[in-house]
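Work through the exercises below with the model open beside you. Each task is followed by a solution in steps.

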2 protein chains.
Amino acid sequence: MPTLTPALSPNDLLAQLNWRYATKQFDPTKLIADDVWETLEDSLVLTPSSYGLQPWLFLIIKSSEIKEQLKPLSWNQNQITDCSHLVVFAIKKNLTVADVDRFIESTATTRGDSVESLSGYRNMIVSDVVYGPRSFNVNEWAARQAYIALGNFMTSAAVIGVDTCPLEGIDPAGYDKVLELQPEGFATVVACAAGYRSDDDKYADLKKVRYPKSDVLRVV
Amino acid sequence: MPTLTPALSPNDLLAQLNWRYATKQFDPTKLIADDVWETLEDSLVLTPSSYGLQPWLFLIIKSSEIKEQLKPLSWNQNQITDCSHLVVFAIKKNLTVADVDRFIESTATTRGDSVESLSGYRNMIVSDVVYGPRSFNVNEWAARQAYIALGNFMTSAAVIGVDTCPLEGIDPAGYDKVLELQPEGFATVVACAAGYRSDDDKYADLKKVRYPKSDVLRVV
């Protein structure tokens, strides 16, 4: 299914990427409409991941009470409570053979294949992620996948005009407690606030700081 | 600078995210036009990063000779040689005070501030990334930032109708040698092929495998 007419022109993409910034002050009265938010949820779910394993859980924090509990675990940043929706990106820790099998079953069901026909692929994943090279640092590997989701989420939001602020300055273990993630084997890695910038956010008008292309990009 | 008219409707975004897939077979005759590619380079440069530190180098591999050298270091995947542009995401290893100072100078120059007025911010970064909590795993922290770039890149490409294939199955140390990254303190973390899908790529028509939203997303 080719798109002969791309949905966005390169110039419009660039305008949106330049429009986005790490929003410091959200307008707490501006909520993301349900249909817009649903699309952003879909963008999270559609995030690509290595092998397709999706080693993650996305927590959408709408509860004011929970936001208040997370705020002191986030350097008291106002974005936590002022944003429309807060996303917490958690990983499934210590992936096991059962996780791989669950994914293989999901693949078989979705595509109408047999689990047996996918055994080669299954064994390749197991021998890498569960017992092989990636197993030595499997939680970091999973965290990297969650960061693909973070990047995808921020760009998806930007192109439809939704503001975001990535939040690495959080206490992941504290988040895990508030969100009761540990018993299920999940662990917080990063968060991202979404909503709409306040008219008063002076950061919106600051010039974006990026190294010149010649410093960070090399054509070989 | 608010955008009252977002560049893309939620439905169009969703269509593009569903259109994208990990392209297995690129059409080697279809090259990304220069102006389109330039925008994708810009999207890489504009990627947000923690503190704004941009601990990365993006290598754009256009040389057929280099692609041929990288292919055996990438499970001989055809995407390496058939794609239009191959991006290698490298991190700056073991960030130092000099890296932070370089960023602070860049910020001061861009925004017309003095370096002195940014000393509080500078010291906060140094005490975290160089000497503090993040310093214990600073290369993994940098790798996570590179994965934000990967996510941003794939989504940016998708919304303008460019195909990509993320490539984690590579030999990073082998890449470092071919690209002569080590002497400069860079290290490969992941790659991504970009171009246009071949009409023959049967993977384009396979149903996307994702867990149901209810399995990977929880509203709190």
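## Exercise 1: A sheet built from both chains

The structure is a predicted model. In it, 5 strands form an open sheet with mixed pairing, in the order β5(A)-β1(B)-β2(B)-β4(B)-β3(B).

**Task.** Which are the edge strands of this sheet, and how many bridges join β1(B) to β2(B)?

**Solution.**

1. Find the edges. They are β5 (217-219) of chain A and β3 (163-167) of chain B, each of which pairs on one side only.
2. Check the twist. Neighbouring strands of this sheet are turned against each other by 25 degrees on average, with direction ignored.
3. Add the helix. α2(B) packs on the sheet and touches β5 of chain A as well as β1, β2 and β4 of chain B. The direction of α2(B) makes about 145 degrees with that of β5(A).
4. Count the bridges. β1(B) and β2(B) run antiparallel and are joined by 6 bridges. Within this pair, Leu57(B) has Ala90(B) in β2(B) as its bridge partner.
5. Cross to the next strand. β2(B) pairs with β4 (residues 186-195) of chain B over 8 bridges, in the antiparallel sense. Here His85(B) has Ala194(B) as its bridge partner, and Phe89(B) stands opposite Val190(B).

## Exercise 2: The burial of β2(B)

**Task.** Sort the residues of β2(B) by the way they point, and decide whether they are buried or exposed.

**Solution.**

1. Take one face. His85(B), Val87(B), Phe89(B) and Ile91(B) point one way from the strand.
2. Take the other face. Leu86(B), Val88(B), Ala90(B) and Lys92(B) point the other way.
3. Apply the cut-off. A residue is buried if 20 or more other C-beta atoms lie within 10 Å of its own.
4. Read the result. Residues on both faces are buried, Lys92(B) among them.
5. Conclude. Because 8 of the 8 residues of β2(B) (residues 85-92) are buried, the strand is largely enclosed by the rest of the structure.

## Exercise 3: The other mixed sheet

**Task.** In what order do the strands of the sheet that contains β5(B) run, and which strands are its edges?

**Solution.**

1. Write the order. The 5 strands form an open sheet, β3(A)-β4(A)-β2(A)-β1(A)-β5(B), and the pairing is mixed.
2. Mark the edges. β3 (163-167) of chain A and β5 of chain B each pair on one side only.
3. Check the twist. On average, neighbouring strands are turned by 25 degrees against each other, direction ignored.
4. Start at β3(A). This strand is joined to β4 (residues 186-195) of chain A by 5 bridges, and the two run antiparallel. Asp163(A) has Gly195(A) as its bridge partner, and Pro166(A) has Cys192(A).
5. Move on to β2(A). β2(A) and β4(A) run antiparallel, with 8 bridges between them. Val87(A) stands opposite Cys192(A).
6. Cross the chain boundary. β1 (residues 56-61) of chain A pairs with β5(B) over 3 bridges, in the parallel sense. Phe58(A) stands opposite Leu217(B) there.
7. Assess β4(A). 10 of its 10 residues are buried, so β4(A) is largely enclosed by the rest of the structure.

## Exercise 4: Two helices from different chains

**Task.** At what angle do the axes of α1(A) and α2(B) cross, and which residues meet?

**Solution.**

1. Read the geometry. The axes of α1(A) (residues 10-19) and α2(B) come within 9 Å and cross at roughly 15 degrees.
2. Classify the angle. Angles under 35 degrees count as roughly parallel, so α1(A) is roughly parallel to α2(B).
3. Give the hand. The crossing is left-handed.
4. List the residues. From α1(A) come Pro10(A), Leu13(A), Leu14(A) and Leu17(A). They meet Asp35(B), Val36(B), Thr39(B), Asp42(B) and Ser43(B) in α2(B).
5. Sort by class. This contact has 5 nonpolar, 2 polar and 2 charged residues.

## Exercise 5: The whole interface

**Task.** How many residues of chain B are in contact with chain A, and which element gives the largest share?

**Solution.**

1. Count. 70 residues of chain B are in contact with 70 residues of chain A.
2. Find the contributors. Elements giving two or more residues on the chain B side include α1 (10-19), α5 (97-111) and α9 (213-216).
3. Pick the largest share. α7(B) supplies it, with 13 residues.
4. Split by class. The side of chain B that touches chain A has 40 nonpolar, 17 polar and 13 charged residues.

Methods:
Residues are numbered from 1 along each chain as its sequence is written. Chains are lettered from A and ligands numbered from 1 in the order in which they are written. This is a predicted model: local features need pLDDT of at least 70, side-chain atom pairs count only at pLDDT 80 or more; totals for chains, interfaces and linings use all residues. Two residues are in contact if their C-beta atoms, placed from the backbone, lie within 7 Å. Helices (H or I, at least four residues) and strands (E, at least two) are DSSP runs, numbered from the N terminus. Ala, Val, Leu, Ile, Met, Phe, Trp, Tyr, Cys and Pro count as nonpolar, Asp, Glu, Lys and Arg as charged, and the others, Gly among them, as polar. Two strands pair if DSSP finds at least two bridges between them. A residue is buried if 20 or more other C-beta atoms lie within 10 Å of its own, exposed if 12 or fewer, and partly exposed in between; C-beta atoms are placed from the backbone. Axes are lines fitted to C-alpha atoms, for helices over the stretch in contact, and angles run from 0 to 180 degrees between N-to-C directions. Angles under 35 degrees count as roughly parallel, over 145 as roughly antiparallel, 65 to 115 as roughly perpendicular and the rest as oblique. A crossing is left-handed if the near helix is turned anticlockwise from the far one by less than a right angle, and right-handed if clockwise.
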